[in-house]
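Me: I would like to understand the reasoning behind the terms used for this model, rather than take the labels on trust. Could you go through them with me?

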Amino acid sequence: MSRAAAGVALFVLASRAAPAQGVAVTVGPQFVLASYREVASGLRYQGSGFGGAASARYRKLSAEVGVVRLTLDPATGSAATNGFTATEVDAWVAYDLATYASVEAGVIRRTADPEFDAQSVGAVRIGARSFYEIGPGATVLFRANYLAAPKFSGGGHARFSVDLGLGLDVRLAGRLHGTAGYTFQRISRKTNPGGTGEIDAAIQETVARVGIALAL
Amino acid sequence: MSRLTRHLCALVLLAGFAPPAAGRAQAVQNATLRRAQQAYDNLEYRQVVSLARAALRERLTGAERARAYELLGFTYGALDSILKAVDAFKQVVLIDPERQLDPNRVSPKAYSAFDVALRQVLLVRQLRIDSTSFVGGRGAVPIRFTVTQPARVVTRAIGGGGGGGAGGGNYVIDSGAWNGQVNLSWPARLASGDPVPAGNYTVVVEARLGQNAFSASQPIRVSHGSVDTLPSLTSLPGYQYLPETEVPPQSWRPLGLAFLYTGGALVGTLGLESSSLGSSSKRELAVVGGAALVTGFVMTLRKPAPRPAAANILYNRLLRDQIARRNQDIAKENVARRQQVQLTLVPLPKPSGAGPR
C-alpha cells in the first residue's frame, strides 16, 4: 500500500471516529506565500507553494500541524542566483488556560533543497497564544513562540529565535472553514566559520497561508 | 274614622288570615271539607269550625286531615282563640311535620300560634342531605335538620350492602342532645377507616324526649368510584423558561479585536526585524491582516452570535428541578390516589307513603 493510500485510509477512519469521541477535527489544503532572507539583506527570496493543515481539539487540549512546500526564487535585486525549494513542517500541542488563551509547545523543521542553498532548521517551540471569537464562527489568533535549541544544517547557534503568528478561522458554510495564517520568524543565528570569530547569519522568514478546511 | 273605612280595615285584617294554599281546596275530595273551605273563604268562621270538625269525623286522607286542622287553626286565630288555634296547628305538624307557613302571607296571630305549636311538639323537621362527592377520609356528608324541642337525638345510616337497605349495616352517625337547627358531618367511614360500602342507605334521625319520640328519614345512595389522578406538570403557573442564550448588542468590538490582533502581529514583526537583513516583506502580513480586518468589519456589521445567558440557564435549571420535584410528589400522590375511593352520595326521593313515625 502506498503512503498516499495509507494516508487516505487513516483520514477516513479518523473522520468517522473523531466526532464519536467528542474530538473536533479540521483538515484542508493551503496556498502559501513566503519571503525568506538569510545572512544579509541582499540574500532574499520570494515564492509561493502549497500545503495542508490539520487541527484537532478535545476539550481544553488542541493540536495543530501544517506542512508546506515552497518554491523560493531570488527576489528582485537579490544577490542570490538560484532559487530553492523548502519544505516546512510545524506542529503544536496546546492546552487552554482560559477561554481566550493557551500555552503551547511544538516543533518546527524546515529543509531546503538543494541542501546547501539555504539553511535547514529544526527547533522546539514553546509559547502561548491568544484567540478570540470576534463573531459567529470567526476566530482570530495571535501566537508568540520561542524557538528553543535550534539546529542548523550549516552549523552555528542562535540565542534568540522567535516566531510570531496571526491566524484567522472563519466558518464559511456548514463544515467548511476559511483559514488564513501569518508567520514571522526571526532566528538570530551566529556562526564561526573557520574559527575566525562569530558572525551574524540571521534568518528571517514571513509566511502567509490561505486555505480552506473541512470540519469533520 | 267612618263606618266604611272601618269595614275596609276589617276586610284587610281578615284577609290576613287567608290560608296560603287556597289552591289546595281544589284537591280536596271530601265535600264537607270543601264546604268548610268555602265558608272560610266567605269569612263565616262559626260555620268553618262546625264543618271542619264534622269533616274530621269523616274518612279523610292525611293531607285532607291536615287541611281540616289548618282551617281550624286559622279560624281560631281569627276568632282570637289562640289556645285552640295552637292545638289545631299541633295536629297539622304532627300529620305534616314539614309544613311551613309563610309569614308574609298569614296573619301574625296565626303564625305565632303555629310557631307555639311547633315548640310544643317534638319534631324532626327539614332533614336535608346534600349531594356530595369526596375522597374517602378527606370529606364528610353534611346533614342538617331541625329539632323543635330539646331532645336526645340519634342519627343513623341504615342499609347499604348494595340494595334497598336490606341486609346492610347500621352506622351511628351522631348521638347527642340537640335543639333547633342541627348540622352534622358524616365522614361515611367505618370504624376501621374504610369507607362505608356502596349501596342505598336511609339516614334516620330519631329524637326522644321522655316518652315522646319522633323520627325523620332520608334515603341516600352511596357509590364508589376511582379517584382522579393528577396530571404531571410541564410548567409552573406564573413561571416560564427563559431563553438560555442572549444576543449581545451590536458593537465595534469584532473590528477592534481584529485591529488589536493584526496590530500585534505588525508591531511584533516591525520590532523583531533584523537590522542586518533589512525590512522584511509585508506582503504576507497584508494578506492575512487584511483578511482579519475585513472579517472583523463584516462581523461588526453582522448580528452578534448568541451567547449563553448564565443567569437564565441557572434559573431554568432551578425551574426544571422544581418541576421534577413537584412531579415526583404528584407521582407519589397518584400512587396513593389509586388506592383511594371517591365516595359519591346522592339523596334519593322518599318512597311514597313514607312518613314520620
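The exchange below takes the strands of chain A before the nonpolar cores and contacts.

Reply: Please keep in mind throughout that this is a predicted model.

Me: What makes strand 1 and strand 2 of chain A a pair?

Reply: Two strands pair if there are at least two bridges between them, and strand 1 (residues 24–38) of chain A is joined to strand 2 (residues 40–58) of chain A by 15 bridges, so the two count as paired, in the antiparallel sense. Within this pairing, Tyr36(A) stands opposite Tyr45(A). The two strands form a hairpin with one residue between them, and Val39(A) in the turn has a positive phi of about 70 degrees.

Me: How do you know that strand 1 of chain A also pairs with strand 11 of chain A?

Reply: The same criterion of at least two bridges applies; eleven bridges link strand 1 to strand 11 (residues 203–215) of chain A, therefore they pair, again antiparallel. Val32(A), for instance, has Arg209(A) as its bridge partner in strand 11.

Me: Why is Phe89(B) said to be in contact with Gly73(B)?

Reply: Contact requires C-beta atoms within 7 Å, and the pair of Phe89(B) and Gly73(B) is listed as in contact, so their C-beta atoms lie within that limit. Ala113(B), Phe114(B) and Ala117(B) are also in contact with Phe89(B).

Me: Which residues touch the most other members of the largest nonpolar core?

Reply: Of its 58 residues, Phe89(B) is one of those that do, and Ala36(B) and Val48(B) are also among them. This core draws at least three residues from each of domain 1 (3–120) and domain 2 (124–226) of chain B.

How values were computed:
Residues numbered from 1 in each chain as written. Chains lettered and ligands numbered in written order. Predicted model: local features only at pLDDT ≥ 70, side-chain atom pairs only at ≥ 80, totals over all residues. Core = buried A, V, L, I, M, F, W, Y, C linked by C-beta atoms within 7 Å. Buried ≥ 20, exposed ≤ 12 C-beta atoms within 10 Å, placed from the backbone. Domains from an automatic or database assignment. Contact = placed C-beta atoms within 7 Å. Helix = DSSP H or I, 4+ residues; strand = E, 2+ residues; numbered from the N terminus. Lists of a residue's contacts leave out its neighbours within four places in sequence.
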